[in-house]
Amino acid sequence: MVAVGEQIAALPIQWDAKGRMKILMVTSRGTKRWVMPKGWEMDNTKPWDAAAIEAMEEAGARGTISSEVLGTYRYLKVRDNGKLVPCLVRVYPMLVEELKRDWKERGQRTRKWFSPKTASKLVVEEELSELLLSLHKKPHKQPIIRDLMKST
């Protein structure tokens, strides 16, 4: 049996002036493809708090993050030694309240806001694409998103 790595990701969101949801994505350091801020769980840190730390380090985004998982997706992570590790990623939505001008990985990544539909077309992971596309219509109706908005 192949060991599966478990990762956490933040889904940084906000609404534009017309009330449309936008998703903040970053480029990966290696391939420069569009991804969610994500990483490994951290010792003595709740998974959603670790996802918020990743959002800050990778995208300079700070905000309110849900403790509820919006969804999951799988992908193959290429390790530095070239080995492939199957990973399961738990996605926590985060309502962005501030974008830092300077952040830890600023020189290594690009960040940009996209509509959920556009974001779904940019990612290569099929399950992540489906998750993003599910936010295209009536994102306010999703209980986790609705609860997150009420908490701020």
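**Entry 1. Overall dimensions**

I take the radius of gyration over C-alpha atoms, and the globule rule as 2.2 Å times the number of residues to the power 0.38. The model I examined is a predicted one. For 152 residues the rule gives a radius of gyration near 15 Å for a compact globule; the protein chain has 15 Å, so the two agree. I then looked up the extent of the C-alpha trace, which spans about 45 × 35 × 35 Å along its principal axes.

**Entry 2. Secondary structure and contacts**

I counted four helices and eight strands in the protein chain. Their order along the sequence is β-β-β-β-α-β-β-β-β-α-α-α. I next looked up the contacts with a separation of 6 or more, and found that 67% of them join residues 24 or more positions apart.

**Entry 3. Surface and charge**

I noted that 43% of the 152 residues count as buried. The protein chain exposes about 8700 Å², of which carbon and sulfur atoms supply 49%. For the charges, I recorded 28 positive and 19 negative ones, with mean positions 7 Å apart.

**Entry 4. Arg 111**

I turned to Arg 111, which belongs to strand β8. Its relative accessibility is 23%, so Arg 111 counts as partly exposed, given that buried means under 20%. Which backbone oxygens does the side chain of Arg 111 reach? I found the backbone oxygen of Ala 59 at 2.7 Å from a polar atom of this side chain, and that of Lys 100 at 2.9 Å. Ala 59 is 52 residues away from Arg 111 along the chain, yet their C-alpha atoms are separated by 6.1 Å. Setting aside neighbours within four places in sequence, I listed the contacts of Arg 111; among them are Leu 24, Met 25, Val 26, Trp 34, Gly 60, Leu 99 and Trp 103.

**Entry 5. Trp 103**

From that list I followed Trp 103, located in the loop between β7 (84-99) and β8 (111-114). Is Trp 103 buried or exposed? I find a relative accessible area of 10%, so Trp 103 is buried. Beyond four places in sequence, Trp 103 is in contact with Met 56, Glu 57, Glu 58, Ala 59, Gly 60 and Arg 111. Ala 59 and Gly 60 also appear among the contacts of Arg 111. I also checked Ala 61, whose C-alpha atom is 8.7 Å from that of Trp 103, although their positions lie 42 residues apart in the count along the chain.

**Entry 6. Glu 125**

I looked up Glu 125 in the loop between α2 (116-122) and α3 (126-134). Its relative accessibility is 7%, so this residue counts as buried. What does the side chain of Glu 125 contact? I found a polar contact with the side chain of Arg 33, at 2.9 Å. Not counting residues up to four places away in sequence, Glu 125 touches Tyr 73, Arg 74 and Tyr 75 as well as Arg 33.

**Entry 7. Positive phi values**

Most residues other than glycine have a negative phi. I therefore noted two residues with positive values, Lys 32 and Asn 44. Lys 32, with phi of about 65 degrees, lies in the loop between β2 (21-27) and β3 (34-35). At 44% relative accessibility, Lys 32 is partly exposed. Asn 44 has phi near 60 degrees and is placed in the loop between β4 (38-40) and α1 (47-59). I recorded a relative accessible area of 85% for Asn 44, which means that this residue is exposed.

Terms used. Residues are numbered from 1 along each chain as its sequence is written. This is a predicted model: local features need pLDDT of at least 70, side-chain atom pairs count only at pLDDT 80 or more; totals for chains, interfaces and linings use all residues. Side-chain values use heavy atoms; hydrogens and water are left out. Helices (H or I, at least four residues) and strands (E, at least two) are DSSP runs, numbered from the N terminus. Buried means under 20% relative accessible area, exposed over 50%, partly exposed in between (1.4 Å probe, protein chains only). Contact means heavy atoms within 4.5 Å. Accessible areas come from the Shrake-Rupley method with a 1.4 Å probe; for residues, only the protein chains shown count as cover. Lys and Arg count as positive and Asp and Glu as negative; His and the chain ends are not counted. The place of a charge is taken as NZ of Lys, CZ of Arg, CG of Asp or CD of Glu. A polar contact is a pair of N or O atoms within 3.5 Å; within protein, one must be able to donate a hydrogen and the other to accept it, and residues adjacent in sequence count only if both atoms are side-chain atoms.
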